[in-house]
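Here is a look at one protein model with a ligand in it. Have the sequence and the 3D view at hand while you read.

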Amino acid sequence: MEATYRIIGAELSPYSVKVRSYFRYKTIPHQWVLRSAASQAEFEKHAKMPIIPLVVTPDGTGIQDSTPIIEAMEKRYPLPSIHPDDPVAGFISALIEEFGDEWGNKWMFHYRWARDVDQISSAVRIARMRGPKASEQEHAEFAGQVRTRMVDRVWFVGSNAVTAPQIEAGFLDMLDLLDRHLSTRPYLFGGRPAFGDFGLWGQIYEMWTDPTAGALIGGGAPHVLDWVHRMLWPKAEGEFESWPKLAPTLMPVLTEQVGRQFMPWTCANEKALAEQREEFSVSVGDKVWTQKPQKYHARSLGMLRAKYAAVPDKTALDQVLQPAGCLAGLS
Ligand SMILES: N[C@@H](CCC(=O)N[C@@H](CS)C(=O)NCC(=O)O)C(=O)O
């Protein structure tokens, strides 16, 4: 029997389902292990950070952080590659992976914990996963604790009274852009899933499972909804498309979402961390956004810059990144 990887994760964790979707696409033998009391000892043995997913390799090594996990697996299992061979599309896919992980997480976290209906729905699912055998009363108490803890943490991703309408308007715009793009192709970069699909999908899949965001996706974005389902068990249905074919509907995503919103935010966040600021404000689109800096994002921005630096000939790529407003933050 082929050696099996173990993915310790949770159905409600966007980074866990992202990694699981990747393993399924690559048909890498794996077991999906719920993060619960039953997997606690294994988690503690292999995890260096208190986050999921944790992948335990067949030789007993723990790997964390979904982007490095996928990169490590891609080296071990290069085919079918998740990187479009067109160098422009290849880098844009990595950029969208970062955007999905870091900016998409704001939509997800905000919608999940902003309203009573979503708070209750998510808290009871998390509590049941962590304590599958708890009595109804224990379960209700634990769900209440989860709800309080998570609602207290929404500020962490930058969701507050000022940013809430910006986050929701930004997501609704994205849904329209994405629906148009996916109306003529099964995946973001053509006939097969790319790195960018996994990052963005992890967040949007989670949103689809929640009452408020799920209704928005199900009610108004049929092609996104199909992609949400398709990415649960992704399969190659054709080849990647080249950038010129993708550009008419993907360039607006880069310009409106990545260049206009995410890039200014992530650069301002990095600067605020370097200056050890408690809080920072930045213009995102035509509105001011204020939050406390987030450490991890500066690290992942550094990793994205290294990917940009490694592109041998940047001429064609820069002609896309520059007008999209994405170049300044990368070079
Ligand atoms: N950058 C990490 C983020 C992982 C992450 O934030 N995981 C969350 C769940 S989605 C977590 O475990 N948080 C710790 C907690 O909730 O206590 C990745 O891509 O894997």
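What follows walks through a strand and its partners, then the ligand site, then the cysteines.

## A word on the model

Keep in mind that this is a predicted model.

## Strand β1 and its neighbours

Let's start with β1, which spans residues 5–9. This strand is mostly covered, with four of its five residues buried.

β1 has a parallel partner in β2 (residues 30–34), and five bridges link the two. If you want a spot to look at in this pairing, go to I7, which sits opposite W32 of β2. To get from β1 to β2, the chain runs through helix α1, residues 14–25. That makes a β-α-β crossover, and its hand is right-handed.

β1 also pairs with β3, residues 54–56, but here the sense is antiparallel and there are three bridges. Look for I8 in this case: its bridge partner in β3 is L54. As a general point, side chains in a regular strand alternate between the two faces of the sheet.

## Around the ligand

Which residues surround the ligand? They are S13, P14, Y15, P50, I51, I52, P53, D65, S66, R153 and Y296.

Some of these residues put polar atoms close to ligand atoms, and the distances are worth checking on screen. For I52, the backbone does the job: one of its polar atoms is 2.9 Å from a nitrogen atom of the ligand. With D65, the side chain is involved, and an N or O atom there is 3.1 Å from a ligand nitrogen. S66 also uses its side chain, with a polar atom 2.5 Å from an oxygen atom of the ligand. As for cover, the ligand on its own has 510 Å² of accessible area, and the protein covers 73% of that.

## The cysteines

How many disulfides does the structure hold? The count is zero.

Take C267 and C326 as a pair. C267 is in no disulfide, and the nearest cysteine sulfur to it, from C326, is 9.9 Å away. A disulfide needs the two sulfur atoms within 2.5 Å, so this pair does not qualify. Seen from the other side, C326 is in no disulfide either, and its nearest cysteine sulfur is that of C267.

Is each of the two buried or partly exposed? C267 has a relative accessibility of 26%, so it counts as partly exposed. C326 has a relative accessible area of 0% and is buried.

Note on methods:
Residues are numbered from 1 along each chain as its sequence is written. This is a predicted model: local features need pLDDT of at least 70, side-chain atom pairs count only at pLDDT 80 or more; totals for chains, interfaces and linings use all residues. Side-chain values use heavy atoms; hydrogens and water are left out. Buried means under 20% relative accessible area, exposed over 50%, partly exposed in between (1.4 Å probe, protein chains only). Two strands pair if DSSP finds at least two bridges between them. A crossover is right-handed if, with the strands pointing away from the viewer, the path from the first strand over the helix to the second runs clockwise. A residue is near a molecule or strand if one of its heavy atoms lies within 4 Å of it. A polar contact is a pair of N or O atoms within 3.5 Å; within protein, one must be able to donate a hydrogen and the other to accept it, and residues adjacent in sequence count only if both atoms are side-chain atoms. Accessible areas come from the Shrake-Rupley method with a 1.4 Å probe; for residues, only the protein chains shown count as cover.
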